[in-house]
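Please work through the following exercises with the sequence and the structure side by side, trying each task before reading its solution.

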Protein chains: 2
Amino acid sequence: MGTDTRNRILAAAARLFHERGFEATGVATILREVGVNSGSLYHFFPSKEALLVGVLERHLESLHSTILEPAAGATDDPIERVFALLGLYRRGLVITDFTRGCLIGNLALEVGDGRPHVRALIEASFSVWAEGVRSWLDAAGDRLPADLDRGALSRFVLTVMEGAVMQARAAGSLEPFDASVAQLRSYMELLAAQARLGRGEAPAMPAGRETVEPSDEAPPPGRSAWRSW
Amino acid sequence: MGTDTRNRILAAAARLFHERGFEATGVATILREVGVNSGSLYHFFPSKEALLVGVLERHLESLHSTILEPAAGATDDPIERVFALLGLYRRGLVITDFTRGCLIGNLALEVGDGRPHVRALIEASFSVWAEGVRSWLDAAGDRLPADLDRGALSRFVLTVMEGAVMQARAAGSLEPFDASVAQLRSYMELLAAQARLGRGEAPAMPAGRETVEPSDEAPPPGRSAWRSW
C-alpha cells in the first residue's frame with residue numbers, strides 16, 4: 001500500500017508538472033488530487049525537488065515501455081520507426097489540444113539550472129531516447145551512408161522533435177510540426193540517395209522532395225511514402 | 001521619466017524571466033531590482049501577465065536589431081548568415097554557462113497554455129525570426145533547389161536552434177548543439193548539391209559530410225567550410 005500511494009503521488013505529480021509546469025504546481029494541488037495528507041507526501045518525498053527527482057526517475061525507467069517500444073512496434077522498418085516515434089508526439093499534441101508537449105523538454109527549460117541532479121536526469125532521458133533512435137538507424141544498415149555519424153543523427157531527431165513540438169504549441173497548430181518533420185524526411189531521403197550512390201546504384205538523388213500532406217490524424221506508421229525505401 | 005521607469009521594469013523583468021522563468025520570478029524581486037515601489041509597477045502593468053505581455057512585445061520589436069541584424073552583419077553570404085545566427089545562440093549558451101537559452105523558447109513551453117494573447121506574441125516572435133531566415137534563403141537563389149520550400153526550411157532552422165539549445169542546457173555542454181548544427185549543415189550541403197545537379201553541374205553530391213570540429217569559441221562567421229559554396 002505504501003508503494004501504491006507513492007506511485008499515485010508520482011503519477012499525479014507527473015501529470016501536473018506536465019500540464020502546468022513545476023513552479024506553477026502547488027504541493028496542495030498534488031495532495032488534493034491524490035487524496036493524501038502532507039505527512040504521507042513528505043514521508044516519501046521530503047521536498048518538492050525530491051518529488052521532481054522521483055518523477056524524472058520514473059519517466060526514465062518507463063521510457064522504453066511507454067515511448068520507444070510502441071514506436072518500434074508500429075513497423076518493422078527501422079527508419080519508419082523514427083517517424084512512428086515522431087507520430088506519437090504528434091498524436092499527443094492533438095489529444096491534449098497543444099497544451100502539454102514533451103514533459104522532459106518542458107522541464108529541461110524550466111528547472112535544470114542550479115539543480116545538477118535534476119539536470120543529469122533530464123539529460124539521461126534525452127540520451128536513452130536518442131540511443132533508441134540510434135539503434136534503429138544502425139539497423140538501417142547500408143540504406144544510410146557508411147560514414148554517417150548515426151549518433152549525431154539520432155540526437156538531431158530529438159532536436160527536431162523538441163523544436164517542432166515547441167512551435168506547434170506556440171502556434172496551436174500541427175503545421176510547424178508537420179513542416180519540420182517533412183524537412184527531416186527530406187534530409188533522410190537525401191542521405192538514402194547518397195547511400196545508394198555509395199553502393200553504385202542509380203538514381204543518385206531524388207528529383208525533388210515529396211510533399212507530405214499533413215493530416216489531422218497521426219499518420220498510420222508504415223503506410224507513408226517512406227515505405228518505398 | 002515615466003518611459004524610463006517603464007523600460008527599466010521591462011528590462012529587469014525580461015532578464016529575470018529569462019534566468020528563472022515566469023512563475024519562479026516574484027514581483028517583489030522585480031521591484032527590488034528596479035528600485036521602485038509596487039504602485040509604480042502597477043501603474044504601468046496592472047498584473048504580472050501584463051508585464052509578461054510587455055516583455056514579449058519589447059522582444060518582438062527588438063528582434064531585428066538585437067538578433068537578425070547582427071547575424072546579417074556578420075557575413076555577406078546569405079547561407080552563412082543562417083549559421084551566424086545559430087552562432088549567436090551558441091555564444092549565449094557559453095556566456096551564461098548554459099543557464100538561459102532562448103527567452104521565447106522558454107516561455108513557449110512555460111506560459112502559453114490558457115493565455116491566447118501571450119501565445120500569439122510568442123508565435124509572432126517565432127514567425128519574425130523565421131521570416132528573417134527565409135529572406136536569407138531566398139537571397140541564396142539557385143544555390144538551393146528551385147522547388148525547395150524555403151519557408152519550411154526557415155522554420156526548420158528555428159526548430160533546430162530551439163531543440164539544440166534545449167539539449168545543450170540539459171547536458172551543460174555545447175556538444176549536442178554543435179552536433180545538431182552540423183547535421184543541419186549536412187542537410188543544406190545536400191540541398192546545395194541537389195541544386196547543382198539541377199543546374200547541370202557536377203559533382204552530383206558531396207562524397208562525404210565534413211566533420212566540423214567543435215570549438216569552445218563561437219565560430220567566426222564567414223570563416224567556415226561553408227565559404228566554399
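Helices (H or I, at least four residues) and strands (E, at least two) are DSSP runs, numbered from the N terminus. This is a predicted model, in which local features need pLDDT of at least 70 and side-chain atom pairs count only at pLDDT 80 or more, while totals for chains, interfaces and linings use all residues. Residues are numbered from 1 along each chain as its sequence is written, and chains are lettered from A and ligands numbered from 1 in the order in which they are written.

**Exercise 1.** Describe helix 7 of chain A and what comes just after it.

Solution. Helix 7 of chain A, with 24 residues, reaches 34 Å from its first C-alpha to its last, which is close to the expected 34 Å (1.5 Å times one less than its number of residues). Just after this helix, Gly141(A) takes a positive phi of about 55°.

**Exercise 2.** Work out which parts of chain A touch chain B.

Solution. Counting residues as in contact if their C-beta atoms, placed from the backbone, lie within 7 Å, the contact takes 45 residues from chain A and 45 residues from chain B. On the chain A side, helix 6 (103-110), helix 7 (116-139), helix 8 (150-171) and helix 9 (175-198) each supply at least two residues, and the largest share, 15 residues, comes from helix 8.

**Exercise 3.** Establish how the two copies are related.

Solution. Superposed by least squares on the C-alpha atoms of residues with pLDDT of at least 70 in both, chain A fits chain B after a rotation of 180° with 0.0 Å of shift along its axis (RMSD 0.0 Å). The copies are thus related as by a two-fold rotation axis, and in chain A the C-alpha nearest the axis, that of Gly163(A), lies 2.2 Å from it.

Conventions. Contact = placed C-beta atoms within 7 Å.
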